[in-house]
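Visitor: Could you take me through one part of this structure up close? I'd like a proper look at a single helix and whatever surrounds it.

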Amino acid sequence: MLIDYKNVTICQDEETVLEGIDFNVEEGEFVYLIGKVGSGKSSLLKTLYCELDIKEADTAIVMQRDLKRIRRRDIPALRKEMGIVFQDFQLLPDRNIDKNLEFVLRATGIKKAAEIEMHINEVLNVVGMIDKRYKMPHELSGGEQQRVTIARALLNNPKVIIADEPTGNLDEETANDIVNLVYEISKKGTTVIMSTHNTSILERFPGKIYLCEDGKLVPKC
């Protein structure tokens, strides 16, 4: 099992957001977190990559790490096995797409130019953005920027992609394209955990569903 939460309580600024939750994710699954804005979806996702500490838990295992005991110095290694996709893209505005991706690769220890070139070509081809490689972020549409964000998330061949409202700033047609992209990636074996309040996509791209509501996490199917 990739993620195993049992009786977990999550707090934000000393206020309990979710309590007593069970959350289980197997390798290769496509998992939705749904619920209203402020219901705890993002907080749950942040605990997976240790951006937010878990308050209490019987079990809190993420990719064989016990989050109740993980040391701060071991968190970067955990995050390196994840790809994180944000709603607001978080691309560096002062450099082109190529340099954005190169920055991430160098930060994770890849220094050889040929290896950097190979990784960038590979991920941009996956997301259909190879022809935009030398564009600046502001020259791209929202959907194109999100595709680049997904490419960035794929750079280290992650075991899991965590996507926090990746379609929140996109129109319906572009949103469907983005979900279809990550859905196809999941079919190749990468686990995807995606928060969304856009429930219209659930039938088109079926997956395992958890509802955040009234401080609880409820499995829907």
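Guide: Here is a close look at helix H6, followed by a short stop at arginine 133. Keep in mind that this is a predicted model. H6 runs over residues 172-187, so to speak a stretch of 16 residues, and from first C-alpha to last it reaches 22 Å, close to the 22 Å expected at 1.5 Å a residue. Look at the start of H6 and you'll find aspartate 171, with a side-chain oxygen that comes to within 3.2 Å of the backbone nitrogen of glutamate 173. At the other end, just after H6, glycine 189 has a positive phi of about 115°.

Now for the buried residues of H6: these are Ala175, Asn176, Ile178, Val179, Leu181, Val182, Tyr183, Ile185 and Ser186. What do they pack against? Among the strands, they meet S3 (30-34), S8 (160-164) and S9 (191-196); the helices on the list are H4 (113-126), H5 (142-154) and H7 (201-204).

Two of those partners, H4 and H5, lead us on, as arginine 133 sits in the loop between H4 and H5. Is this arginine buried or exposed? Arginine 133 counts as buried because its relative accessibility is 5%, and the cut-off for buried is under 20%. Its side chain makes a polar contact with the side chain of aspartate 98 at 2.6 Å, and another with the side chain of asparagine 121 at 2.5 Å. Setting aside neighbours within four places in sequence, arginine 133 touches Asn96, Ile97, Asp98, Glu117, Ile120, Asn121 and Leu124.

Conventions
Residues numbered from 1 in each chain as written. Predicted model: local features only at pLDDT ≥ 70, side-chain atom pairs only at ≥ 80, totals over all residues. Heavy atoms only, no water. Helix = DSSP H or I, 4+ residues; strand = E, 2+ residues; numbered from the N terminus. Expected span 1.5 Å × (residues − 1). Buried < 20%, exposed > 50% of the residue type's maximum accessible area, 1.4 Å probe, protein only. Contact = heavy atoms within 4.5 Å. Polar contact = N/O pair within 3.5 Å; in protein donor to acceptor, adjacent residues only side chain to side chain.
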